[in-house]
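Please open the model in your viewer and keep the selection tool at hand. This tour goes from stop to stop, saying at each one what to select and what is there.

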2 protein chains.
Amino acid sequence: MALRVGVVGGGQLARMMIAPAVELGVELRVLAEEEGMSASLAASAVGDYRDAETILAFARDVDVVTFDHEHVPQDVLHALVDAGVAVHPGPDALQYAQDKLAMRAKLDELGMPQPDWASVSDEASLQAFIDDHGGRAVVKTPRGGYDGKGVRVVSAASEAADWLADGGPLLAEQLVDFTRELAQQVARRPSGDVVAYPVVETVQRDGVCAEVIAPAPHAPERLAEIAAQVGVAIAEGLGVTGMLAVELFETTDQRILVNELAMRPHNSGHWTQDGAWTSQFEQHLRAVLDLPLGDPSPRAAWSVMVNILGGPASDSLDARFAAAMADHPDAKIHTYGKAPRPGRKVGHVNVTGDDLDDVTYDARSAASHFLD
Amino acid sequence: MALRVGVVGGGQLARMMIAPAVELGVELRVLAEEEGMSASLAASAVGDYRDAETILAFARDVDVVTFDHEHVPQDVLHALVDAGVAVHPGPDALQYAQDKLAMRAKLDELGMPQPDWASVSDEASLQAFIDDHGGRAVVKTPRGGYDGKGVRVVSAASEAADWLADGGPLLAEQLVDFTRELAQQVARRPSGDVVAYPVVETVQRDGVCAEVIAPAPHAPERLAEIAAQVGVAIAEGLGVTGMLAVELFETTDQRILVNELAMRPHNSGHWTQDGAWTSQFEQHLRAVLDLPLGDPSPRAAWSVMVNILGGPASDSLDARFAAAMADHPDAKIHTYGKAPRPGRKVGHVNVTGDDLDDVTYDARSAASHFLD
């Protein structure tokens with residue numbers, strides 16, 4: 001009898017769980033939002049993840065429910081738990097990925113390093129925060145933002161007037177002087193074991209992850225250790241099960257501050273598919289099934305991942321694919337089966353090797369075949 | 001529009017094409033023999049591969065038809081070709097994998113090194129062959145044998161009387177004095193490019209592959225070069241497209257002789273999933289789609305694959321899985337979703353690393369958790 005994992009959400013993260021599930025002999029079932037999504041090969045149902053009945057019916061035939069995203073409402077998550085379904089990560093952990101204000105408060109409680117922040121419900125309190133922080137601040141809607149959406153840099157409270165008018169508090173954060181962004185991934189089993197991947201550097205363009213370098217170059221050992229400790233402490237402190245990604249700022253004075261959390265496989269860990277002994281997708285399956293975790297060590301000195309964004313007209317995709325493969329026989333090209341639209345992540349390229357310059361050049365060059 | 005590959009046969013070789021198909025964005029469809037087979041996740045149809053109508057209907061929605069096995073009859077293969085379907089490998093190549101007498105004759109024509117052989121249709125001619133070769137010979141049914149089935153070592157023609165009585169000639173082969181068995185894999189595109197994997201050592205038990213060591217230890221460079229040349233010459237001479245495995249004897253006088261051919265991914269190449277830049281399953285998909293081939297180089301100094309045979313009672317599989325994972329966080333465990341039966345291949349373990357002794361120990365130790 002194979003172990004069965006049910007994934008709510010049919011996007012590329014669910015899709016990339018298919019390969020390790022097949023290799024491990026785990027039966028993967030996906031509740032997709034609609035037909036023809038990335039993970040459609042494993043889609044056993046199509047339905048609304050906000051509907052408790054739909055998810056309860058889906059959960060009946062699996063050993064554990066996990067997620068492609070963090071958007072399943074708390075009442076639906078609790079209905080699953082109340083029905084005796086194993087849910088990983090569980091609602092108590094997921095609340096911190098769903099609500100950035102709750103996350104900031106909890107991280108303060110845990111003593112985690114983070115930017116100054118405040119909950120602001122009106123223009124006066126937002127303006128006060130801006131005035132206290134050099135005349136600028138980052139304002140975020142506590143819920144629903146991703147890939148740069150729901151985030152604004154403002155220098156006057158009036159620039160967030162529309163969001164404030166929607167009611168409910170906003171998160172105001174200090175605009176951090178950072179030299180670069182890092183990401184720390186850890187995996188944690190329900191029974192407690194936790195492993196940390198090496199901290200990586202993430203390069204964002206227009207608020208979207210463009211490249212990842214693993215491990216983060218020029219990272220002193222102390223910084224890598226602190227990042228791993230922060231990742232483990234957050235996973236344990238928030239009760240996260242499965243993969244956790246902690247997005248970090250490295251500040252100009254060489255501290256690290258927690259930016260965002262994701263409780264699922266994450267773009268910053270796509271390099272692990274070809275560059276680590278255990279990919280984040282295999283690790284997530286092992287963790288949510290409470291199986292022993294795999295070795296998170298890198299397989300090579302350097303791995304570089306370059307996202308394929310937007311992408312070409314579909315009629316020429318095959319030719320571009322062939323050209324990229326012909327130029328880079330060592331590049332691992334991953335695609336998500338998604339219709340290309342400007343700025344949409346439709347795939348990525350992983351390259352690993354001993355020389356960072358070579359690896360970076362090869363990964364960018366292979367990905368460049370897919371640019372318009 | 002994704003490229004679509006149709007695989008005839010729903011066994012573990014088709015199953016192991018699912019992971020690279022998903023990664024590459026290739027749509028994989030499988031014509032399975034029955035429900036619940038290894039590759040059922042990608043099974044789009046269930047039907048009889050000996051029936052031309054069934055395969056023609058299956059072929060209608062794919063860009064190329066390929067195979068999990070070599071048993072599709074020639075008339076069905078030709079019906080596909082006549083209908084304009086791309087079939088890789090094609091019937092002209094597959095005939096040599098289907099008929100060992102045709103294979104031996106063709107390899108002689110190509111000047112390939114192979115054991116002495118003869119086509120024998122009666123006891124007298126078989127006895128004459130035995131007498132000419134030291135009183136023993138290997139007798140094979142030309143068709144349908146695999147994993148040691150259809151093969152006998154005989155010292156008198158009467159020991160093959162039952163097979164001779166079935167009519168049709170048998171293949172008699174010299175019993176080769178070999179020190180070990182090797183396997184050479186190559187991939188070839190329809191448009192002609194060909195790449196060779198490193199020659200590997202295969203360890204058989206009871207006629208079934210038990211372990212593979214990649215690359216073959218203590219293989220002089222000259223021997224590895226000759227093996228690669230033989231593999232390429234056979235792929236080109238027989239017009240093979242996709243993956244070709246050439247099973248070889250290394251003789252006591254350090255020659256290599258061709259034993260068997262397989263025109264598909266092969267057990268001797270399972271190590272490539274975790275030990276080569278391009279796995280044989282990804283390579284097969286690229287080759288049959290006539291895409292540029294991937295780098296066949298090893299990713300580490302040594303890779304060892306150990307088959308999981310027979311396997312435990314299914315009620316304890318999860319516990320054994322967990323124990324193997326806990327002891328060997330670096331071992332890659334692959335299972336086929338097949339009900340365990342004595343001697344049946346139900347999975348394999350891959351381990352790679354710098355030290356052959358360590359790698360071998362780890363792979364055997366991880367696999368031993370699944371033994372009764």
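Begin by selecting helix α10 of chain A, whose buried residues are Gln280(A), Phe281(A), Glu282(A), Gln283(A), His284(A), Leu285(A), Arg286(A), Ala287(A) and Val288(A). In this predicted model, nine of the nine residues of α10(A) are buried, so the helix is largely enclosed by the rest of the structure. As you turn the helix, bear in mind that an α-helix has 3.6 residues a turn, so residues three or four places apart point the same way.

Now step just past the end of α10(A) and select Asp290(A), which takes a positive phi of about 55°. Add Arg189(A) to the selection, and you will find that the side chains of Asp290(A) and Arg189(A) meet in a salt bridge, with 2.8 Å from N to O. This pair links distant parts of the chain, since Asp290(A) sits in the loop between α10 and β15 (302-309) while Arg189(A) sits in the loop between β9 and β10 (194-196), 101 residues apart. Are the two partners buried or exposed? Asp290(A) counts as partly exposed because its relative accessibility is 28%, whereas Arg189(A), with a relative accessible area of 12%, is buried.

Select the corresponding pair in chain B, where Asp290(B) forms a salt bridge with Arg189(B) and the closest N and O atoms are 2.8 Å apart. There, Asp290(B) is partly exposed at 28%, and Arg189(B) is buried at 13%.

The next stop is a group of charged residues in chain A: select Lys100(A), Arg104(A), Lys140(A), Glu173(A) and Glu260(A), which are linked in a network of salt bridges. Within this group, look at Glu173(A) and Lys140(A), which form a salt bridge whose closest N and O atoms are 3.1 Å apart. Glu173(A) lies in strand β8 and Lys140(A) in strand β6 (residues 137-140), so the pair ties together parts of chain A that are 33 residues apart in sequence. Both ends of the bridge are enclosed, for Glu173(A) is buried with a relative accessible area of 2%, and Lys140(A) is buried with 3%.

Keep Lys140(A) selected and add Glu260(A), which is found in strand β14 (residues 256-262). The side chain of Glu260(A) makes a polar contact with the side chain of Lys140(A) at 3.0 Å, and Glu260(A) itself counts as buried at 17% relative accessibility. Leaving aside neighbours within four places in sequence, Glu260(A) is in contact with residues including Lys100(A), Met103(A) and Ala245(A).

Which annotation covers Glu260(A)? According to the unreviewed UniProt entry, Glu260(A) belongs to the positions annotated "binding site", among them Lys100(A), Lys140(A), Glu173(A) and Val176(A). Select Val176(A), which has its place in the loop between β8 (170-173) and β9 (178-188) and which, at 11% relative accessibility, counts as buried. Apart from neighbours within four places in sequence, Val176(A) is in contact with Pro115(A), Phe249(A), Thr251(A) and Leu257(A).

Zoom out now and colour the two chains separately. Chain A can be laid on chain B with an RMSD of 0.0 Å by a turn of 180° and a shift of 0.0 Å along the axis, and that is the relation of a two-fold axis. To find where this axis passes, select Ala19(A), which of the residues of chain A comes closest to it, at 2.0 Å for the C-alpha.

Where the chains meet, the contact takes 36 residues from chain A and 36 residues from chain B, and the area buried between them is about 3400 Å², of which carbon and sulfur atoms give 53%. Two salt bridges are found across this interface; for one of them, select Lys332(A) and Glu282(B), whose closest N and O atoms are 2.8 Å apart.

For the last stop, move to His348(B) in strand β17 (residues 345-353) of chain B, which counts as buried at 0% relative accessibility. The side chain of His348(B) makes a polar contact with the side chain of Gln273(B) at 2.7 Å. Not counting residues up to four places away in sequence, His348(B) also touches others, including Met16(B), His270(B), Met305(B) and Tyr336(B).

Note on methods
Residues numbered from 1 in each chain as written. Chains lettered and ligands numbered in written order. Predicted model: local features only at pLDDT ≥ 70, side-chain atom pairs only at ≥ 80, totals over all residues. Heavy atoms only, no water. Least-squares fit on C-alpha atoms with pLDDT ≥ 70 in both. UniProt positions renumbered as here; feature names shortened; annotations may be inferred. Helix = DSSP H or I, 4+ residues; strand = E, 2+ residues; numbered from the N terminus. Buried < 20%, exposed > 50% of the residue type's maximum accessible area, 1.4 Å probe, protein only. Contact = heavy atoms within 4.5 Å. Polar contact = N/O pair within 3.5 Å; in protein donor to acceptor, adjacent residues only side chain to side chain. Buried area = accessible area lost by both parts, 1.4 Å probe. Salt bridge = Lys/Arg side-chain N within 4 Å of Asp/Glu carboxyl O.
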